[in-house]
Amino acid sequence: MFGNILNYILGLGAAIFLPIIMILIGLGIKMKFKRAVTSGLTLGVAFTGMNVILGFMFDTISPVAGAFVEKTGIQLNIIDVGWSPMSAIAWAWPYALFMFPLQIGINLLMLVFKQTDILNVDLWNVWGKIFTATMVAAITGNIALGFVAAAIQVVAELKIGEATQKRTQEITGIPGVTCTHYMVLQCVIMEPVNKLLDYIPIFKKENSNADKLKDKIGIFGENSVMGFIIGGLMAILAGYTVKDTLNVAIKVGTALVLFPMVAKLFMQALAPIADAASEFMKSKFKDREIYIGLDWPFMAGQSELWVVAILLVPIELLLAVVFSKMGISNVLPLAGIVNIIVVVPAMIVSKKNLLKMLILSIIYTPIYLLVSTSFAPYATELAQKTNAIKIPAGQMITYFGVEAPFFRWAIANGLAMRIPGIIALVLFFGLFYMFVKNMKKQS
């Protein structure tokens, strides 16, 4: 009974589920009824608007990528189905509902014992912990270890959100919130390369972002023009006609113009809640500043994010071809071809440095291909067992945008007591400790 009710609520979608949570939080922290409802509904509008533009962007780019694949005759037998089908598969896991009390319980205990200053309200993405648990359980053959891995991920998300809060606020201008999405865990392994790039003069300038680009190259730095040029070049590479090329170009330009507009709604919705939460927590937790942990879309108004994500598409396809020829990956990036999952952590560690973001995204994209290939047999088997989606005989599925691929691969193989996995796990948490320590010093 409880499971059916919970599944119904989750089925409403993040644009409904999260505003309800935020309204209840607002009322709980003594916000006026009108202000709490207005902020919550504005957040729902922001999520809906962002999803509309994301869908518009993906519907424009994915066919272009598909045409490129068809034109080049690439044969890749592992299909990237994207986050939506993969989340449905994760939720169909028999033990999925136990993940809610695990995440909420750990967060509350850490708050009470002063081990975190983050209240993670991104309960929608609890499916990410379920996905980690399913992969660990499949690789180790132990369900309990799946929940151990999920618990570690919950703690890591809170710590990484805490460490990057000031940087996130600097990037977005939104106070009192941070990103606790597991994609931010990639910052840990990106930071060493980011530091190395600082020794190269061309990468050292922290002001190498979209705003500075506009000043330097005039009209070519405008979002509409950048989007038009990038979209047009992609369509040409895919062999589109002049008419279709122009259509793709104008659609990509449109998306880049609309993203910052919708992103302003997140600030409009979250600023009042963040202020009220700060005042309430100060009264309950003396001398402590408590931040709200959120999903990534409140950062989606940054032009740099989308410029890099689109430029990355042909590079991802090229890497998929090269890796296929080498026999180390057979994944066709499709549903997740606009891979913001790698760009967001690159944006955080580089402080929106456009050139650094592109280089970091290119360097770390192979990890997504390799890990999604590694997880493909387990994801396919789980889908077949749960009957969540239909898979044709001989076909395999995976999730190219596997968010925290290094962490997930390391913890799955480390808990399976495989030597490479143990080494990777020790390396990850060594880098994690250094990253959190250095970010706190910078803050």
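Which helix holds Phe-228? Phe-228 is found in helix H12. The views below come from a predicted model.

**View 1. A nonpolar patch on the surface spans about 650 Å².**
Seven names belong here: Phe-228, Ile-229, Leu-233, Ile-236, Val-242, Leu-246 and Ile-250 make the patch. Two elements each give two or more residues to the nonpolar patch: helix H12 (223-237) and helix H13 (242-284). H12 gives the most, with 4 residues. Phe-228 is part of the patch and sits in H12. Its relative accessible area is 34%, so Phe-228 counts as partly exposed.

**View 2. Strands S2, S4 and S3 form an open sheet, in that order.**
The sheet has 3 strands, and the pairing is parallel. Which strands stand at the edges? They are strand S2 (118-120) and strand S3 (177-179). Each has a single partner strand, so one side of each is left without a neighbour in the sheet. Neighbouring strands of this sheet are turned by 35° against each other on average, direction ignored. In general, strands of a sheet pair through backbone hydrogen bonds, either parallel or antiparallel.

**View 3. Strand S4 pairs with S2 and with S3.**
S4 covers residues 291-294. S3 and S4 run parallel and are joined by 3 bridges. S2 and S4 are also parallel, again over 3 bridges. Individual partners can be picked out. Leu-119 has Ile-292 of S4 as its bridge partner. Thr-178 is matched with Gly-293 in S4. Cys-179 is matched with Leu-294 in S4.
Are the faces of S4 covered or open? Both faces are covered. Tyr-291 and Gly-293 are buried on one side. Ile-292 and Leu-294 are buried on the other.

**View 4. Cys-179 and Cys-187 are not joined by a disulfide.**
How many disulfides does the structure hold? It holds 0. Cys-179 is in no disulfide, and its nearest cysteine sulfur, that of Cys-187, is 8.7 Å away. Why is there no bond for Cys-187? The closest cysteine sulfur to that of Cys-187 is in Cys-179, and 8.7 Å is too far for a bond. A disulfide here requires two cysteine sulfur atoms within 2.5 Å. Cys-179 is buried, with a relative accessible area of 0%. Cys-187 is buried too, at 0% relative accessibility. Cys-179 also appears in View 3, where its bridge partner in S4 is Leu-294.

**View 5. An open sheet has the strand order S5-S1-S6.**
This sheet has 3 strands with parallel pairing. The edge strands are strand S5 (331-332) and strand S6 (396-398). Each of these edge strands pairs on one side only. Strand S1 (residues 78-80) pairs with S5 in the parallel sense, over 2 bridges. Within that pairing, Ile-78 stands opposite Val-331 in S5.

**View 6. Pro-63 and Leu-334 are 271 residues apart in sequence, yet 8.9 Å apart in space.**
The distance runs from C-alpha to C-alpha. Pro-63 lies in helix H3 (residues 33-72). Is Pro-63 buried or partly exposed? At 40% relative accessibility, Pro-63 counts as partly exposed.

**View 7. Asn-413 is a buried residue of helix H17.**
Helix H17 covers residues 405-415. Asn-413 has a relative accessible area of 5%, so it counts as buried. How many residues separate Asn-413 and Ile-423 in sequence? They are 10 residues apart in sequence. In space, their C-alpha atoms are 9.7 Å apart.

**View 8. Lys-114 and Lys-352 each have a positive phi.**
Most residues other than glycine have a negative phi. Lys-114 is not a glycine, but its phi is about 60°. Where is Lys-114 found? It is in the loop between helix H5 (99-112) and S2. Lys-114 is exposed, with a relative accessible area of 60%.
Lys-352 has a phi near 70°, also a positive value in a residue other than glycine. This lysine is found in the loop between helix H15 (340-350) and helix H16 (354-386). Is Lys-352 buried or exposed? Lys-352 is buried, with a relative accessible area of 13%.

Notes: Residues are numbered from 1 along each chain as its sequence is written. This is a predicted model: local features need pLDDT of at least 70, side-chain atom pairs count only at pLDDT 80 or more; totals for chains, interfaces and linings use all residues. Side-chain values use heavy atoms; hydrogens and water are left out. Patches are made of residues with over 30% relative accessible area and no salt bridge: like charges are joined within 9 Å, nonpolar side chains (Val, Leu, Ile, Met, Phe, Trp, Tyr) within 5 Å. Accessible areas come from the Shrake-Rupley method with a 1.4 Å probe; for residues, only the protein chains shown count as cover. A salt bridge is a side-chain nitrogen of Lys or Arg within 4 Å of a carboxyl oxygen of Asp or Glu. Buried means under 20% relative accessible area, exposed over 50%, partly exposed in between (1.4 Å probe, protein chains only). Two strands pair if DSSP finds at least two bridges between them. Axes are lines fitted to C-alpha atoms, for helices over the stretch in contact, and angles run from 0 to 180 degrees between N-to-C directions.
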